[in-house]
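User: I would like to learn how to read the features of a structural model, step by step. Could you take me through one example and give the general idea before each case?

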Amino acid sequence: MKEFKLENESKITTGFKTPENYFNDFSAKVLNQINEGEVKVIPIYKRKKVLAMLAAAVVFIALMIPVVNNYNNTSKDLDANTLETYLAYQSNLNQYDLINQLDTKDIESLNNNVALEKETLEDILSSNPNIESLISE
Amino acid sequence: MTDEKEFIAQLLNPKTQNTAFQKLLSDYQRPLYSHIRNIVLNHDDADDVLQNTFVKIFQYLKNFKGESKLFSWMYRIATNEALTFLNQKAKLSGITSEALQNKTIDNLKADVYFDGDEIQIKLQKAIVTLPEKQQLVFKMKYFEELKYEEIAEILGTSVGALKASYHHAVKKIELYVTSN
């Protein structure tokens, strides 16, 4: 086969063609795309920013959960302990002090409790076979 | 050079931007189209890549430092866009870039926007066997008839290295066409 030499050949073109009027319409197409792009860019950027802030907030809250839980737990323990210690060793509270602190509502609820207790008492007494010995006492 | 500086200033000034960009489009759409078409080979892909190239040129204009010429800067963007496009297309089809190009060349025969015959197809097939850099150099020198100095600016290599690259490319192509 004859040796092929590029320089001996007449110039080989690419053979590539373009559609008719392609370059006439091309700049309008690009300018449209650029203008569309400019309008679109802003909301996407903003949405990204909001999403990023939302993600940051979620992460922050998630990180805070164990801290908040522990904080509540320890404060409850402390309160109970302190109160107990205070009542047991530090205060001069007696029955009269407690009664003075009661208001009408407390007394009413106490009465209700007592009423219930009466019924229970009757039940116990009626079902108790040794009721005579209890009465005689 | 001062003309170019002035032109870039017009491109960046919101008042003159539209007119200047239209001028840029009409001056460069044809050479950049040829450059991209030579890389991606079919018209529809070249159309997509050319549009993306101009959109990128518009977006990045404000970052253009004037260290290189506007011409070579735009050619660089076009080259990168075209090569990225080819690689993505090959990846999506699950084949190598070379296999994709061979497939595209086979499809050229049926392409309405191609009126070449056997020798054009054979030449394209020979080019695909070259390394990427040599392909670019050959296409820019032989088809687009750019000067070595211009290609050197676009590809960021020395003129000497380009001449050697082109020489190698021509030898390999001649060998391929002779034996096929």
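Analyst: What follows goes from overall confidence and fold to single helices, loop residues and the contact between the chains.

User: What scores does the model carry, and what average pLDDT does chain B have?

Analyst: This is a predicted model, and its scores are ipTM 0.80 and pTM 0.67. For chain B the average pLDDT is 91, with 99% of the residues scoring at least 70.

User: How many helices and strands are there in chain B, and how many in chain A?

Analyst: Chain B contains nine helices and zero strands, so that its pattern along the sequence is α-α-α-α-α-α-α-α-α. Chain A has four helices and zero strands, and from the N terminus its elements read α-α-α-α.

User: What share of the residues counts as buried in each chain?

Analyst: Burial is judged here by counting neighbours, a residue being buried if 20 or more other C-beta atoms lie within 10 Å of its own. In chain B, 29% of the 180 residues count as buried, while in chain A the figure is 2% of 137 residues. For chain B one can also look at sequence separation: among contacts with a separation of 6 or more, 60% are between residues 24 or more positions apart.

User: Which face of helix 5 of chain B is buried, and which residues are exposed on the other side?

Analyst: A helix can be read by its span and then by its faces. Helix 5 of chain B, residues 97–108, has twelve residues and reaches 16 Å between its end C-alpha atoms, close to the 16 Å expected at 1.5 Å a residue. Its buried residues are B:Leu100, B:Gln101 and B:Ile105; seen down the axis they fall within an arc of 140°, so they line one face of the helix. These buried residues pack against helix 4 (70–93) and helix 6 (118–128) of chain B, whereas B:Asp106 and B:Asn107 are exposed on the other side.

User: How far apart are the end C-alpha atoms of helix 2 of chain B, and where does its kink lie?

Analyst: In helix 2, residues 17–40 of chain B, the end C-alpha atoms are only 30 Å apart, although a straight helix of 24 residues would reach 34 Å at 1.5 Å a residue. A kink of about 45° lies at B:Tyr28, shortly before the proline B:Pro31.

User: Which residue just after helix 2 of chain B takes a positive phi, and is that residue buried or exposed?

Analyst: The residue is B:Leu41, whose phi is about 75° although B:Leu41 is not a glycine. B:Leu41 lies in the loop between helix 2 and helix 3 (43–60) of chain B, and it is buried, because 24 other C-beta atoms lie within 10 Å. For another case, B:Glu145 has a positive phi of about 55° and is not a glycine either; B:Glu145 is found in the loop between helix 7 and helix 8 of chain B and is exposed, with 10 other C-beta atoms within 10 Å.

User: What is B:Glu144 in contact with, leaving aside its neighbours within four places in sequence?

Analyst: B:Glu144 lies in the loop between helix 7 (132–143) and helix 8 (148–155) of chain B, and its contacts are B:Ser34, B:His35, B:Asn38 and B:Lys139. The C-alpha atoms of B:Glu144 and B:His35 are separated by 7.1 Å, although the two residues are 109 residues apart along the chain. B:Glu144 is partly exposed, with 15 other C-beta atoms within 10 Å.

User: How many residues does the contact take from chain A and from chain B?

Analyst: The contact takes 20 residues from chain A and 25 residues from chain B. On the side of chain A that touches chain B, the residues divide into ten nonpolar, six polar and four charged.

Note on methods. Residues numbered from 1 in each chain as written. Chains lettered and ligands numbered in written order. Predicted model: local features only at pLDDT ≥ 70, side-chain atom pairs only at ≥ 80, totals over all residues. Helix = DSSP H or I, 4+ residues; strand = E, 2+ residues; numbered from the N terminus. Expected span 1.5 Å × (residues − 1). Bend = angle between axes of the 7 residues up to and from the residue. pLDDT = per-residue confidence, 0-100. Buried ≥ 20, exposed ≤ 12 C-beta atoms within 10 Å, placed from the backbone. Contact = placed C-beta atoms within 7 Å. Nonpolar A, V, L, I, M, F, W, Y, C, P; charged D, E, K, R; others polar. Arc of directions from axis to C-beta.
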